Amino acid sequence: MDSSTNSLDDVSADSSAEFPDRASMMEVRLQAQEDEITLLKSSLADALRKLRLHDQLLPLLQQQLIAVNPAAARVLNQVCCSDGCSSRKLSSSSAGDGVRRSANSHLSDSVTTANGHIGGSESLKQRPAPSTQDRSTQTEPPPPDQDRVLLSRRVQSLNLEDALPTGESVLEGTRAKLHRVPGLEEEEEEQEEDEEGGGELSWTSSVEEPIQPTTIRGLQREEFQDGSCSPEEPSCASPSVRTPEQNPGPRSGPLSPIQEGEKKPLVRRNSEKLGNPEKQRKRLDKKAASSANLLTRSPSLENRAKELIAGAGSPGSRRGTYGQGQSIKMFIRGRPITMYIPSNIQNYEDLKMEPPSERLELDWVYGYRGRDCRANLYFLPTGEAVYFIACVVVLYHINNRTQRHYRKHTDCVRCLTLHPDKVRVASGQTAGVDKDGKPLQPCVYIWDSTTLVTLQQIGLGTFQRGVGSVAFSFADSGASLCVIDDSNEHMLSVWDCSKGTKHTEVKSTNEAVFAVEFNPSDSSNIITCGKSHVYFWTLNGGQFTKKQGIFGKYKKPKFIQCFVFSLTGDVLTGDSEGNILTWGKSAADVKTLGKGAKETFQIMRQTRAHEGSVFTLCTLQGGALLSGGGKDRKIIRWSADLAPERECEIPEKYGAVRTIADVDGEELLVGTTRNAVLRGTFSDGFVAIVQGHVDEMWGLATHPSQNIFLTCGHDRQVCLWHTEEHKLDWSISLEEYGLCAGFCPNGSVVSVGLNTGRWLVLDLLTQEVVSESTDGNEQLSVMRYSPDGSFLAVGSHDNFIYIYTVTESGRRYARFGKCNGHSSFITHLDWSKDGKYIMSNSGDYEILYWDIAGGCKLLRNRYESKDREWASYTCVLGFHVMGVWLEGSDGTDINALCRSHSERMVAVADDFCKVHLFQYPCPKPKAPSHKYEGHGSHVTNVCFTHSDSHLLSMGGKDTCILQWSVMGGGVGGSRERLASASSTSTSSPEPATG
């Protein structure tokens, strides 16, 4: 989001705002038309698919009966014919439904129970279908007349047990044949193809109950929910009863929703014509294939149709009855993800989603932004160093080792300046974009460093892209503020600090501008410098006049990096050639330029200072000068007449000198290009008091029993931090960059996954590599030990999970197996509490379960894992964390999440610079949360410490680590919360998102 790292398109605001109303209106109209067309196609495809399935199932069932008992088949045919004729006489609109219904009424009235026994009509009487008013599960009790008809049919029904020889069970030898329906495997493949593609996350609140393996009615209506569940799996949950709102098919379409109390004839249109069944079957196959192709091109159609149909019912309380094996779906990019509801939740709709009682408070900020910013370190009379990183301005007391934070900014802070009174501070931010891609307006805040109260907001809606430089005036006691923005023309503007109004503005230059300052003795004179220029500005009567510095006989440097004013009023600049140039005003050259010649600013003296650039200049009391070098990393003290007096060199690992702040004339604070702040003197040297990463970070792991955590990132650094002492314990450099890490449960070693497929195991005390291995040649994304430390799971971007046995206290590893089944790269994984199973997510939004103890086998029946308990919860997809996804998410909006060890809350890292805190579990859509700002880039990872006392969050491009204190919280875990919520009889309105 920072303009320096994530560049924005150079599009002017005027051109982007042309005809917004007309364009938006046309887009909305076009989208509505496309949605209407695609919904019709979706309904047609769904209807044809179900018709083909029923046409294939009916002959198969008849063949099974003929093979078992020809007499029973004849009786069935007679009943089917009689019922079919009577139904056609009753209503022409239900002509095609008569044969199918009569056959179903006879075959499905004899239902097998869960333990395998076949029940007759009495079992049906004991389990009447409940009547609910839920829009998604709307069912109505049958009218009295219909009860009489069903009763008469039940008396006439043919029991399959009577058709079998004595002693032979219907389960033996026939179940497998009944399940192997021709074309059913093709239906699954078509459904998987339809699920792939682009789209947005959406929800369906359809409730599905599992089919018992030998229920004939279930066989006729069975629809498999995902490709990992094969037809031979008897416990695969599939709907046995569906209402019109749940299935967009030929009986209920999105354009004619069934309202409560409204009765419409059920019409099955293609059954009116009874011709050659073979031709009809071929025709239906062809139409179904054609419609499937349409769905493949528009994968989100099925999702949108289900949304509209689910919302077509009458308004009212969202309640329903739920039995064992119910499930709920969420859709990401048009792909349905089925979540099975655990057994301990009796009433899913009555679960109350509330924000957690715990809250977060920013405790510490690790890092400093020195790699691409200048003049951003000052020392306050309170003994605090003020600097910034990400969206936070930090006030760090160098003796007490405490921090305070100014957090008014909504995006990355880019510049900072101190008022002449040494109390007020002005800080400017970049524009950035919001979650919808719209630019945010940059501004400057003037605030009190003692109370952290905002005094004035400057230029909201005026600056473009961001604020690059700010400066207070000195001659008038800081009454004015000069600002240069990051637009193409780098607009220079002067503002009244007390009123927040703009005096004047002018285009400065199309080249980069690095610094701006008022003349200390004259507030009408302003100087700017940057790429190949030094400009001297004079403000007179609200108008600016500009004079360019003349280099004359001296080589013109590529960059003028910085400048200061000497006690004599001269301007001293530091440039990319390593020189300090002294500028002065010269009289007009009338001989050369004629009578109209004016005075000019020219170089009076050139002083060789550093090898490489001079990045910073700092004046001391008494007229002495400090300069900081780039390539040579030297700090040199100069006398008032620019004679070198002392020098020192900072260690190479901290980078070049970026800025210098004077503490007391002897002690200095030094900001470096590798994001460190050093403290020291020329005689004693310098030590780091603030350190951080210098590139994008992804790897984060907390110690299982100590208050330490480890980070790694693209800067090839592995760092171990202490949460209580707020310091870096140690840091090592790697050949490749690290992307993930995990501590062994014994706490003595930590594994780090690299971008090349290689992973290392480091000893925490010696920082030595005790083991290393390579799995594939693609980057690793997860390193996770089992709870007892006997296994290590390595998730890779080659779609595999590699399992290793761990011995010798985490120092010896041997390959145990490989989990092969994901169709995309591994993103997250977690171990079960017993250490036998793994739950994993992948880049294409799969949730798979693995039996590690049984040989790394894929568990195709995901229903069996619904009650499994997990030692950790970092998978972003799962029933217990469904509520963290906002409607409209594209599947990449959440980078990481972490459940607390108390299982009371879950922290989420999103792509919009936010950290969220939800209650755990949060299995319902639109769950409320506490939101926290501070990062200036996508948040890549979050993790709780071992005692849940703190939460760590890591930014991507902002290279910032934020440590949050967890405040408040009550007693009771997630199980108690689920039990109390599910036992509630009435649901209250969900609280607004916090």
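Buried residues account for 55% of the 994 residues in the protein chain. The model is a predicted one, and its secondary structure consists of 14 helices and 57 strands. About 43,100 Å² of the protein chain is exposed, and 49% of this area is supplied by carbon and sulfur atoms. Among contacts with a separation of 6 or more, 54% are between residues 24 or more positions apart.

Strand 5, which spans residues 335-340, is mostly covered, with 6 of its 6 residues buried. In a regular strand, side chains alternate between the two faces of the sheet. For strand 5, cover is found on both faces: Arg335, Ile337 and Met339 are buried on one side, and Pro336, Thr338 and Tyr340 are buried on the other. Strand 4 (residues 327-332) runs antiparallel to strand 5 and is joined to it by 6 bridges. Within this pairing, Phe331 stands opposite Pro336. The two strands form a hairpin with 2 residues between them, where Arg333 adopts a positive phi near 55°.

Strand 9 (residues 392-397) includes His397. This histidine counts as buried because its relative accessibility is 14%, below the 20% limit for a buried residue. A polar contact of 3.0 Å runs from the side chain of His397 to the backbone nitrogen of Asn400. Leaving aside residues up to four places away in sequence, His397 touches Thr382, Gly383, Glu384 and Thr402.

Gly541 provides an exposed position. It is placed in the loop between strand 21 (533-540) and strand 22 (543-548). Gly541 counts as exposed because its relative accessible area is 72%, and the threshold for that class is over 50%. The C-alpha atoms of Gly541 and Ser524 are 9.9 Å apart in space, with the two residues 17 apart in sequence.

Aromatic side chains were then examined. A pair of aromatic rings is described by the distance of the centres and the angle of the planes. The count of aromatic pairs comes to 26. One of them is the edge-to-face pair of Tyr366 and Phe709, with 5.8 Å from centre to centre and 75° between the planes. This pair links distant parts of the chain, since Tyr366 lies in strand 6 (residues 359-366) and Phe709 lies in strand 36 (residues 708-713), 343 residues apart. Both Tyr366 and Phe709 are buried.

A stacked pair is formed by Phe791 and Trp831, whose centres are 5.9 Å apart and whose planes differ by 20°. Phe791 belongs to strand 44 (residues 791-796) and Trp831 to strand 47 (residues 826-831), so the pair ties together parts that are 40 residues apart in sequence. Phe791 is classed as buried because its relative accessible area is 16%. Trp831 is likewise buried, with a relative accessible area of 1%.

One aromatic cluster is made up of Phe536, Phe551, Trp583 and Phe601. Charged side chains also sit over aromatic rings. The charged end of Lys818 is positioned over the ring of Phe800, at 4.2 Å from the ring centre. Arg868 lies over the face of Tyr837, 3.7 Å from the centre of that ring.

How values were computed. Residues numbered from 1 in each chain as written. Predicted model: local features only at pLDDT ≥ 70, side-chain atom pairs only at ≥ 80, totals over all residues. Heavy atoms only, no water. Helix = DSSP H or I, 4+ residues; strand = E, 2+ residues; numbered from the N terminus. Buried < 20%, exposed > 50% of the residue type's maximum accessible area, 1.4 Å probe, protein only. Polar contact = N/O pair within 3.5 Å; in protein donor to acceptor, adjacent residues only side chain to side chain. Contact = heavy atoms within 4.5 Å. Areas by Shrake-Rupley, 256 points an atom, 1.4 Å probe, with all protein chains shown as cover. Phe/Tyr/Trp six-rings, centres within 6.5 Å; stacked < 30°, edge-to-face > 60°. Lys NZ or Arg CZ within 6 Å of the ring centre and 35° of its normal. Pairing = 2+ DSSP bridges.
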